[in-house]
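Visitor: I would like to learn how to read the packing of helices in a model. Please show me a case.

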Amino acid sequence: MEGCGEDGQVKLLGMAYSPFVLRVRIALALKGIHYELIEEDIQNKSELLLQSNPVHKKIPVLIHNGKPVCESMIIVQYIEEAWGNKASNFMPKDPYDRAIARFWAAFIDDKFTPSIWGVFKGVGEEQQKAVEESVASLLLLEEALSGKAYFGGDEIGLVDIALGGLLVVIQTIERVTDSVLIDTLKMPLLSTWAHKFCKAEGVKEVLPHPAKLFEFLSEIRAKFTSPPTGN
Amino acid sequence: MEACGEEVQVKLLGGSTSPYVLRVRIALALKGIHYEYIEENTQNKSELLLKSNPVHKKIPVLIHNGKPVCESMIIVQYIDETWDTRAPFLMPKDPYDRAIARFWAAFIDDKLLPCIRAVFRGLGEQCQKAVEDTVANFLILEEALRTNLCFSGKAYFGGDGIGFVDIALGGTLAFVRALEKGTDSVLIDAEQMPLLSAWMDRFCEADGVKEVMPDPVKLLEFICATRVKFASLPAAN
């Protein structure tokens, strides 16, 4: 898709399987913003990436009219504010509701995501501990969802994007590591939410291919579980 | 300070040695908001704290009209957005400048503060490595002050006045200074970091800030006493 025209020039430096990139793609899709997607090779980062994100050298990076924005949830908030007049809106209007949305987005990044990586990379007791921590975090999110269709209310909001971007990776990690994280019995609301989210307009079109994601994550997982070849 | 008038009820659950609490106190002071300050004992947390922040059980917590807001920089944004007609305006107006402000506040929280914590808790070689990492991160901030178009040539990260990033970093200053004394190290080097040093002096003398800065003697006492406790613990894995 060309990133030009009424939205200005929009480029996204990304990678097919990154949940952080996916968050940004979902936000762009929900706002109907056209952009050029540039696939980065993490083993061989482009000049543009190194120049655009010199501090972290990581994807995603959104480049809007030549100016780079880094860090997935910061990019999502930028998209919301730069295209504030375009539906849909991810952030509530009320300052208290906004604080709550930011709280859960931060919780997902600071507490939940590290435990998910722990499940993916860990073995034995360490992995079991990471599974328990992940489940505990999900139970808190289940409670936070309470009676709503989405964390954002009737429509997808900031927290939905924060967690939703991780969904397919979480589901694939469950399969690759043979663990249960989103338990349908213990987390009925979250399970329903996950199903609805993945089918939503804007989301379903950008989700990675599940079989390819499974293959990609299985290969990496094998490196963590294979016996060491020497010290 | 008594909470009264148009704010109706503003309480802050805090701790005198916490840089995170200090950030919130600075924001409240800059906006001229009256509030009731409740000192928490982190070894014996109050019912109010546990009820207000059940997820993390940490300070600071701002309770506004009975509703709790947690996480220091989220509280600062809440203060800015709730008292949005009252200067100073802590976040820039332009979406790109806001993204840059959030980026550097996140850098300070995700990269700089863990290193500072590691200096605080570390001993011997571990502490030394943490000092090096902290200095490296401060150098990145020095570079940002020097070259980033949003910041260079201005008095503060926020421009002419104190803003979001200033508060994020400024809240840590008293602790960093006391930590340097307590560990006999240099974290903010005036020669290597002239812009940051000048900014630091400016920030600490600013109205609103200087009145809420903690007692440096007490902070140093706290840091030294706590480090003695860390030293007597069995070696961590």
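Visitor: Which residues of helix 4 of chain B and helix 6 of chain B meet?

Guide: Contact means heavy atoms within 4.5 Å, and helices are DSSP runs (H or I, at least four residues), numbered from the N terminus. Helix 4 of chain B contributes ten names, including B:Ala101, B:Trp104, B:Ile108 and B:Phe120; among their partners in helix 6 of chain B are B:Phe164, B:Leu169, B:Phe175 and B:Leu179. This is a predicted model, in which local features need pLDDT of at least 70, side-chain atom pairs count only at pLDDT 80 or more, and totals for chains, interfaces and linings use all residues. Residues are numbered from 1 along each chain as written, chains are lettered from A and ligands numbered from 1 in written order, and side-chain values use heavy atoms, without hydrogens or water.

Visitor: At what angle do helix 4 and helix 6 of chain B cross?

Guide: Two packed helices are described by the angle and the distance between their axes. Here the axes (lines fitted to C-alpha atoms over the stretch in contact, angles from 0 to 180 degrees between N-to-C directions) cross at roughly 15° and come within 10 Å. Helix 4 of chain B is therefore roughly parallel to helix 6 of chain B (under 35 degrees; over 145 is roughly antiparallel, 65 to 115 roughly perpendicular, the rest oblique).

Visitor: How is helix 7 of chain B placed against helix 6 of chain B?

Guide: Their axes lie 10 Å apart at an angle of about 90°, so the two are roughly perpendicular. Among the residues in this contact are B:Leu173 and B:Arg177 of helix 6 and B:Trp199 and B:Phe203 of helix 7 of chain B.

Visitor: How many residues of chain B are in contact with chain A?

Guide: 25 residues of chain B touch 26 of chain A.
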